[in-house]
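Me: I'd like a close look at one part of this model, the surroundings of a single loop residue. Could you start there and then work outward to whatever else helps build the picture?

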Amino acid sequence: MTETPLPPCPECSSAYAYEMGALLVCPECGHEWPLAAEPGGASEERVIKDAVGNVLADGDTVTVVKGLKVKGSPSGIKAGTKVRNIRLVDGVDGHDIDCRIEGFGQMQLKSSVVRKV
């Protein structure tokens, strides 16, 4: 057998769990859980850090640490611009902060170009 064995049921520890789509199912107790989850533990929350290593959270205020060019705008975002009330998202191309910047509107930023205030 080249398949990896399925983990036991986290509820009753039964070794007879089987795969049904994206879930694992225990035939003894009827418990269902996601295939990717670690048995016996909760999945970890994603940690997003700023340019200097501070952990960011929803609602934080950050400062842009370097000048950014904005497509379609003659001037970009200057270093030192304060951004209030950020939201952490799973964005495209590494953009993991959703925010509203005065004078530019809604925008997504990378956490590597901001510093927590």
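Reply: Setting aside neighbours within four places in sequence, Ser-112 is in contact with Ala-51 and Val-65. This is a predicted model, by the way, so everything here is read off predicted coordinates. Ser-112 sits in the loop between β8 and β9. With a relative accessible area of 49%, Ser-112 counts as partly exposed, because the exposed class takes values over 50%. There's a long-range neighbour to look at too: Val-52 is 60 residues away from Ser-112 in sequence, yet the C-alpha to C-alpha separation is 8.2 Å.

Now follow the chain out of that loop into β9. Strand β9 covers residues 114-116 and is an edge strand, as is β5, each pairing on one side only. The sheet they belong to is open and has three strands in the order β5-β4-β9, with antiparallel pairing. On the β9 side, the partner is β4 (residues 62-64), and the two are joined in the antiparallel sense over three bridges. If you want one bridge to click on, try Thr-63, whose partner in β9 is Arg-115.

On the other side of the loop is β8, and that takes you to the largest pocket. Strand β8 (residues 105-110) supplies four residues, the largest share of that pocket's lining. Among the lining residues are Met-107, Gln-108, Leu-109 and Lys-110, and Val-113 is listed as well. The rest of the lining is made up of Leu-68, Lys-69, Val-70, Lys-71, Ile-77 and His-95. By class, that gives six nonpolar, two polar and three charged residues, around a volume of about 250 Å³.

The second largest pocket comes in at about 210 Å³. Here strand β7 (residues 95-101) gives the most to the lining, with four residues. Asp-98, Cys-99, Arg-100 and Ile-101 are in the lining, along with Glu-102 and Gln-106. Thr-81, Lys-82, Arg-84, Asn-85 and Arg-87 also line this pocket. The class count is two nonpolar, three polar and six charged residues.

Asn-85 deserves a second look for its backbone. Its phi is near 55°, a positive value in a residue other than glycine. Asn-85 belongs to the loop between β5 (82-83) and β6 (87-88), so β5, an edge strand of the three-stranded sheet, leads into this part of the chain. The relative accessible area of Asn-85 is 55%, which makes this residue exposed.

There's another residue of that kind toward the start of the chain. Ser-13, in the segment before β1 (18-20), has a phi near 65°, again positive in a residue other than glycine. Ser-13 is exposed, at 57% relative accessibility.

Step along to Ser-14, also in the segment before β1. Ser-14 is buried, since its relative accessible area is 4% and the cut-off for buried is under 20%. Its side chain makes a polar contact with the side chain of Glu-28, at 3.3 Å. Leaving out neighbours within four places in sequence, the contacts of Ser-14 are Pro-8, Cys-9, Cys-26 and Glu-28. To sum up the serines, Ser-112 is partly exposed, Ser-13 is exposed and Ser-14 is buried.

Terms used:
Residues numbered from 1 in each chain as written. Predicted model: local features only at pLDDT ≥ 70, side-chain atom pairs only at ≥ 80, totals over all residues. Heavy atoms only, no water. Buried < 20%, exposed > 50% of the residue type's maximum accessible area, 1.4 Å probe, protein only. 1 Å grid on protein atoms, 1.4 Å probe; cavity = no way out; pocket = protein on both sides within 12 Å on 5 of 7 lines; lining within 4 Å. Points joined across faces, edges and corners; volume = space filled by probe spheres on them. Nonpolar A, V, L, I, M, F, W, Y, C, P; charged D, E, K, R; others polar. Pairing = 2+ DSSP bridges. Contact = heavy atoms within 4.5 Å. Polar contact = N/O pair within 3.5 Å; in protein donor to acceptor, adjacent residues only side chain to side chain.
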